[in-house]
Amino acid sequence: MKRLFTLLLLAGASAQAQQNSALSVEKIMRDQKWIGVAPTNFRWAADSKVLFFDWNPENKDKSEGFQVQAASLKREKSDEKLKTAAIGADYIYSNDRSLGIVEKSGDLYLYYPKTRQEQRLTRTIERESNPRFLKNGAVVFQRGDNLFTLNLKNNEITQLTNFIKGKAGSAADKGKPTIQSTWLKDEQTELFDIIKKRNKEGNPVRGRFANLTPEKPEKSIKPIYLEEKFLNGLIVSPDGRYVSYKLMTPAAGTINTIVPNFITTSGYVEDIAGRTKVGEPLPTYQSYIYDQQRDTVYGVHTEQIPGIKDLPDYVKDYPKQLAERQKKNEDRQVNLSGPYWNEAGTTAIMLADAQDNKDLWILKLDAATGNLSIVDRQRDEAWIGGPGIGWGNVGWVDQNRFYFQSEVSGYSHLYLANVATGEKKQLTSGNWEVQKLALSKDKKTFYITANKDHPGITQFYKLDVNGGPLVQLTSMKGGNEVTLSPDEKWLAINYSYMNKPWELYIQPNQPGAKAVQVTNSTSEEFKAYPWREPDLVAFKNRYGSDVYARVYPAKHPHPNRPAVVFVHGAGYLQNVHYWWSQYQREYMFNNMLADNGYTVIDIDYTASSGYGRNHRTGIYRHMGGKDLTDQVDGLKMLVEKYNVNPKHVGLYGGSYGGFITLMALFNEPDVFASGAALRSVTDWAHYNHGYTSNILNEPYNDELAYKRSSPIYFANGLKGNLLMCHGMVDVNVQFQDIVRLSQRFIELGKDNWELAVYPVEDHGFVEPSSWTDEYKRIYRLFENTLKK
């Protein structure tokens with residue numbers, strides 16, 4: 001009897017555990033703190049002994065500061081003041097690293113590394129910013145629109161530039177009296193005899209104020225008039241002679257969108273200022289050099305850039321446009337970044353990116369003339385992109401060699417260019433990407449994050465600056481995001497796996513060293529459910545390319561053997577990998593679908609990141625082309641290998657995933673029975689410029705690309721059931737997009753669609769109630785259309 005009671009008790013406990021671990025939309029979509037809060041914001045102390053991070057293991061209202069000793073792994077809460085002191089500021093150091101300089105709250109502070117003491121240099125209302133050391137040991141900094149130097153030996157401040165707002169010859173500049181000031185002066189003369197007397201003697205200032213008359217400066221500084229332009233990019237050469245700068249001319253006639261906000265504290269509809277749409281006029285930039293020694297200003301000669309007049313291939317589809325542009329023979333607009341000076345100040349490099357997105361040049365600057373000569377040119381008839389490519393990811397390893405990344409091989413890899421000899425050397429190679437790159441402090445080693453062994457696994461490596469074998473430093477299968485300690489002896493690793501959210505590990509910076517887990521963040525409730533490791537598979541698409549996917553096989557397939565395709569957002573994003581998905585709600589929802597008889601597939605379709613240049617640019621001029629057929633080809637793989645029924649297939653996704661959902665239901669109506677399109681782009685001519693112009697050029701230049709890529713032109717093809725969900729205060733894909741498509745459906749007489757609106761939500765939902773409502777609707781759609 002006792003044994004029977006024990007068995008019944010165990011059976012009851014098992015049933016209760018299963019009930020507690022069962023998934024529901026309400027459970028998945030509530031405040032995500034139920035999962036546990038992962039550690040974030042990793043910062044090393046300046047002495048590399050302690051790592052600081054934010055964490056919330058007790059599920060409080062907000063995260064708190066924690067610290068862990070690197071050597072002992074002792075973990076405890078941190079004091080904010082002690083943390084700030086231990087981390088120190090992000091100092092810019094002199095060449096010999098004997099001094100550091102930093103801006104804090106608009107003032108400058110000098111740092112002495114040996115004594116770890118700070119000295120305040122300025123205490124002003126006006127902000128001092130962008131400090132650095134010149135070769136002579138002086139500090140150069142920016143105040144307002146001008147540059148100044150501070151001689152640390154005698155504390156003398158010298159102004160280097162004289163930028164003046166407005167035009168040369170303006171009344172404010174020349175001191176020309178206004179009508180009002182002339183009237184007042186005449187009145188003074190008329191009223192007062194003393195003024196008449198002083199005017200006659202030719203000295204209007206007398207008495208105790210005479211000594212306050214400003215003296216003429218020892219040296220005048222050439223005035224540089226900004227007119228109606230905006231100054232940016234002030235950079236001074238290491239010897240202080242050359243000052244380079246850019247002037248930005250705002251585009252005329254641009255129209256900004258507005259987003260109405262209906263749920264407000266005032267009770268009135270309030271407009272949120274929005275962005276421009278693709279194709280609106282862009283600002284233009286001109287780069288100049290001021291040579292202090294010669295007291296002269298001259299432009300940087302962008303007309304010398306090789307290929308500056310080259311037209312993109314797509315204009316061949318528009319003979320009239322091609323003829324007009326060939327006749328004009330204009331230089332393309334470019335934006336220069338830099339110059340990047342070597343430590344000795346003998347050589348400078350500039351980067352130029354074309355406004356039409358087709359070219360990126362690395363150029364050697366002759367600062368004395370403004371002339372440019374080619375170091376490297378990256379040309380892509382689609383668009384320049386890929387991890388690590390462009391400004392911010394370049395630099396000098398010595399006085400002659402400059403490093404950069406390029407996709408010329410088909411994958412983003414690391415290169416060195418010797419600007420003295422013209423030699424270029426490729427340091428990494430293979431069908432994988434250098435995704436992150438950093439140079440060691442002694443400039444002898446590159447630290448690299450790459451997906452060398454598998455597209456869905458990132459590891460941390462080191463590489464000698466002269467080339468050689470990559471040395472792998474991390475070893476855990478999944479995602480490894482590394483924060484290197486200042487002394488480069490320790491790795492703080494933010495690590496996750498498919499079914500295990502991010503946790504902090506500490507490891508010595510040595511090959512084969514063991515990474516030790518520091519945090520354990522997931523809740524007991526989260527651990528109670530057996531989260532799947534999806535099958536990570538690859539299949540050949542119809543064009544012969546490898547496409548990777550995650551598959552969640554149904555636990556107990558429904559008799560209809562239904563399938564659901566999840567389409568990730570952003571286009572250029574990777575979601576098929578071995579680390580925790582940034583789509584954690586969708587990952588959990590896919591688990592729930594699999595529990596309820598659906599087989600789910602999540603595809604890194606053409607244009608997803610992590611797979612090189614051809615995959616990245618495969619949707620050029622046709623979004624909803626290869627990225628859509630990859631979904632269809634992935635479904636064929638499910639039919640063949642997972643025994644799903646091709647007549648019972650739905651799909652869902654947000655943002656770009658919502659766009660693909662619309663294109664799928666409109667252009668492949670016999671493949672997909674239903675779909676949920678969330679915060680979807682319906683017409684690319686209404687999206688932003690930076691993203692869209694890369695892929696589709698501009699509507700008025702490449703109308704064909706927009707018309708074959710925008711769902712609104714294919715709305716008549718809708719046969720299956722469509723659910724659309726959209727936030728009304730979405731400032732990214734604006735609510736107007738879905739309203740326009742809804743009106744198109746009404747005019748076409750379509751009645752198999754519905755629109756759910758979320759009055760307080762932006763592009764990424766925030767409120768758990770909104771997430772819950774949205775996904776209850778999605779689940780109901782699939783239950784009603786794929787199982788019946």
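Q: Val-760 has a relative accessible area of 48%; is this residue buried, exposed or partly exposed?
A: Buried means under 20% relative accessible area and exposed means over 50%, with partly exposed in between. In this predicted model, Val-760 is found in the loop between β44 (753-758) and α16 (768-786). Its relative accessible area is 48%, and therefore Val-760 counts as partly exposed.

Q: Which residues form a nonpolar patch on the surface, and what is their accessible area together?
A: The loop residue Val-760, placed between β44 and α16, belongs to a nonpolar patch that also takes in Phe-262, Ile-263 and Val-269. Together, Phe-262, Ile-263, Val-269 and Val-760 have an accessible area of about 370 Å².

Q: What distance separates the end C-alpha atoms of α16, and what span should its 19 residues have?
A: Helix α16 has several buried residues, among them Trp-771, Tyr-775, Tyr-779 and Phe-782. At 1.5 Å a residue, the 19 residues of this helix should span 27 Å. The expected value agrees with the distance between the end C-alpha atoms, which is 26 Å.

Q: How many residues does the largest nonpolar core have, and which helix gives the most to this core?
A: The largest nonpolar core has 57 residues, and those with the most contacts inside it are Phe-666, Phe-672, Trp-684 and Leu-722. With 8 residues, the helix spanning residues 656-667 gives the most to this core, and that helix is α12.

Q: Which residues of α12 (656-667) does Trp-684 touch, not counting residues up to four places away in sequence?
A: Trp-684 is one of the residues with the most contacts inside the largest nonpolar core. Leaving out residues up to four places away in sequence, Trp-684 touches residues including Val-278, Met-623 and Tyr-706. Helix α12 covers residues 656-667, and the contacts of Trp-684 that fall in this range are Tyr-656 and Phe-659.

Q: Where is Gln-734 found, and is this residue buried or exposed?
A: Gln-734 is found in the loop between β43 (721-727) and α15 (735-748). Not counting residues up to four places away in sequence, Gln-734 touches Thr-257, Ile-258, Val-259, Gly-274, Arg-275 and His-726. The relative accessible area of Gln-734 is 6%, so this residue is buried.

Q: Asp-376 forms a salt bridge with Lys-424; how many residues apart in sequence are the parts that the pair ties together?
A: In the salt bridge between Asp-376 and Lys-424, the closest N and O atoms are 2.9 Å apart. Asp-376 is buried, with a relative accessible area of 8%, whereas Lys-424 is partly exposed at 44%. Because Asp-376 lies in strand β24 (residues 371-379) and Lys-424 in strand β28 (residues 424-426), the pair ties together parts whose separation in sequence is 48 residues.

Q: Which residue of the salt bridge between Arg-294 and Asp-291 counts as buried?
A: The side chains of Arg-294 and Asp-291 meet in a salt bridge, with 2.6 Å from N to O. Arg-294 is partly exposed, with a relative accessible area of 43%. At 0% relative accessibility, the residue that counts as buried is Asp-291.

Q: What percentage of the 788 residues in the protein is buried?
A: The protein has 16 helices and 44 strands, and its C-alpha trace spans about 120 × 70 × 60 Å along the principal axes. The accessible surface of the protein comes to about 38,300 Å². Of the 788 residues, the buried ones make up 50%.

Definitions and conventions:
Residues are numbered from 1 along each chain as its sequence is written. This is a predicted model: local features need pLDDT of at least 70, side-chain atom pairs count only at pLDDT 80 or more; totals for chains, interfaces and linings use all residues. Side-chain values use heavy atoms; hydrogens and water are left out. Patches are made of residues with over 30% relative accessible area and no salt bridge: like charges are joined within 9 Å, nonpolar side chains (Val, Leu, Ile, Met, Phe, Trp, Tyr) within 5 Å. Accessible areas come from the Shrake-Rupley method with a 1.4 Å probe; for residues, only the protein chains shown count as cover. A salt bridge is a side-chain nitrogen of Lys or Arg within 4 Å of a carboxyl oxygen of Asp or Glu. Helices (H or I, at least four residues) and strands (E, at least two) are DSSP runs, numbered from the N terminus. Buried means under 20% relative accessible area, exposed over 50%, partly exposed in between (1.4 Å probe, protein chains only). A nonpolar core is a set of buried Ala, Val, Leu, Ile, Met, Phe, Trp, Tyr and Cys residues joined through side-chain atoms within 4.5 Å. Contact means heavy atoms within 4.5 Å. The expected span of a helix is 1.5 Å times one less than its number of residues.
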